[in-house]
Structure formats: structure tokens, C-alpha cells
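Here is a short briefing on one chain. Look at the overall form first, then at the side chains.

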Amino acid sequence: SLEAGVSAAGTKLDSRLAGFVEECELYRDGMTAEAQECSDFARRLVQHKGTLEARWETQASELLVAGASLRRELEADAEAAASALDAASEDAAAAAARRSKAEASRLTERLQAQREE
């Protein structure tokens with residue numbers, strides 16, 4: 001009877017131990033799966049980071065090129081405006097000279113008319 005009780009207790013203990021081992025194995029398998037998911041997620045993050053960095057570098061390069069192009073266009077526009085202003089100034093000076101010459105001619109004619117009188 002004592003032997004049967006010890007045997008039953010041993011069997012019960014073996015059964016509980018087997019259940020505990022099985023739970024530990026399931027837990028380990030779950031943790032392994034979670035670790036794999038974390039590893040996969042980290043790999044995807046690294047890939048995404050690389051993609052974003054490449055995109056940012058491309059966009060930065062495109063912006064530099066666009067900025068340089070815009071600067072050249074603005075410089076050309078400024079030169080054209082300066083040339084137009086110079087030409088307008090020359091035209092205005094020539095017109096003023098013509099007006100002065102015409103006024104001088106009128107004054108000269110008036111003076112001659114007064115002398116003849």
C-alpha cells in the first residue's frame with residue numbers, strides 16, 4: 001500500500017513534470033517565434049531606413065541642381081534687366097540731347113530774329 005502510494009505519487013509527479021516540460025517547450029517555441037518576428041521587423045526597418053536615406057539623398061541632389069539652375073536663370077534675368085536699363089538710360093540721354101539741341105536751335109533762331117529787328 002505504501003509502495004502503491006509512492007508509485008502513484010511518482011506517476012503523478014512524472015505527469016506534472018511532463019506537463020511542465022511541455023509548457024516550457026511551448027513557451028520556448030513561442031519566444032523563438034517572437035524573436036524571429038522581432039528580427040524580421042528589425043531587418044525591414046533597416047531596409048526602409050536605407051530606402052529613405054537613398055530617397056533623401058536623391059531629393060537633396062535634385063534640389064541642389066534645381067537651385068543652381070534657378071540661380072543661373074535669376075543671374076541671366078538680372079543681366080538682361082541691367083542691359084535693358086542701360087539701353088533705356090542711353091535712349092533717355094539721347095532724347096534729352098536731341099531736346100537740348102532743338103531748344104538751342106530755337107533759341108539761336110530767336111536771337112537771330114531779334115538781331116535782325
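The points below go from the whole chain to single residues. The model is predicted. The chain holds 1 helix and 0 strands. Its radius of gyration is 49 Å, whereas a compact globule of 117 residues would have one near 13 Å.

**Overall form**

- The C-alpha trace spans about 170 × 20 × 5 Å along its principal axes.
- Helix 1 covers residues 2–116.
- Aspartate 77 and glutamine 59 give a sense of spacing: they sit 18 residues apart in sequence and 26 Å apart in space, C-alpha to C-alpha.
- Aspartate 77 belongs to helix 1.
- Aspartate 77 is classed as exposed because its relative accessible area, 51%, is over the 50% cut-off.

**Surface and burial**

- Of the 117 residues in the chain, 1% are buried.
- The chain exposes about 10,400 Å².
- Carbon and sulfur atoms supply 59% of that exposed area.
- Leu17, Phe20 and Val21 make a nonpolar surface patch of about 290 Å².
- Phenylalanine 20, one of the patch residues, lies in helix 1.

**Cysteines**

- A disulfide is a covalent bond between the sulfur atoms of two cysteines.
- Searching the whole structure turns up 0 disulfides.
- Cysteine 24 has a relative accessible area of 36%, so it counts as partly exposed.
- Cysteine 38 reaches 53%, so it counts as exposed.
- The cut-off between these two classes is 50% relative accessible area.

**Salt bridges**

- Side chains of opposite charge can pair when their charged atoms come close.
- The count comes to 5 salt bridges, with a side-chain nitrogen of Lys or Arg required within 4 Å of a carboxyl oxygen of Asp or Glu.
- Three of them are described below, by residue pair.

**Arginine 28 with aspartate 29**

- The side chains of arginine 28 and aspartate 29 meet in a salt bridge at 3.3 Å, N to O.
- Arginine 28 has 49% relative accessibility, so it is partly exposed.
- Aspartate 29 is also partly exposed, with a relative accessible area of 42%.

**Lysine 49 with glutamate 53**

- Lysine 49 pairs with glutamate 53 in a salt bridge, and their closest N and O atoms are 3.2 Å apart.
- Both residues lie in helix 1, with their positions 4 residues apart in numbering, about one turn of the helix.
- Lysine 49 is partly exposed at a relative accessible area of 48%.
- Glutamate 53 is partly exposed at 33% relative accessibility.

**Arginine 71 with glutamate 75**

- Arginine 71 forms a salt bridge with glutamate 75, the closest N and O atoms lying 3.4 Å apart.
- Arginine 71 and glutamate 75 are separated by about one helical turn because they are 4 residues apart in helix 1.
- Arginine 71 is partly exposed, with 46% relative accessibility.
- Glutamate 75 is partly exposed, with 41% relative accessibility.

Note on methods:
Residues numbered from 1 in each chain as written. Predicted model: local features only at pLDDT ≥ 70, side-chain atom pairs only at ≥ 80, totals over all residues. Heavy atoms only, no water. Patch = residues over 30% accessible without salt bridge, like charges linked within 9 Å, V, L, I, M, F, W, Y side chains within 5 Å. Areas by Shrake-Rupley, 256 points an atom, 1.4 Å probe, with all protein chains shown as cover. Helix = DSSP H or I, 4+ residues; strand = E, 2+ residues; numbered from the N terminus. Disulfide = S-S within 2.5 Å. Buried < 20%, exposed > 50% of the residue type's maximum accessible area, 1.4 Å probe, protein only. Rg over C-alpha atoms; globule rule 2.2 N^0.38 Å.
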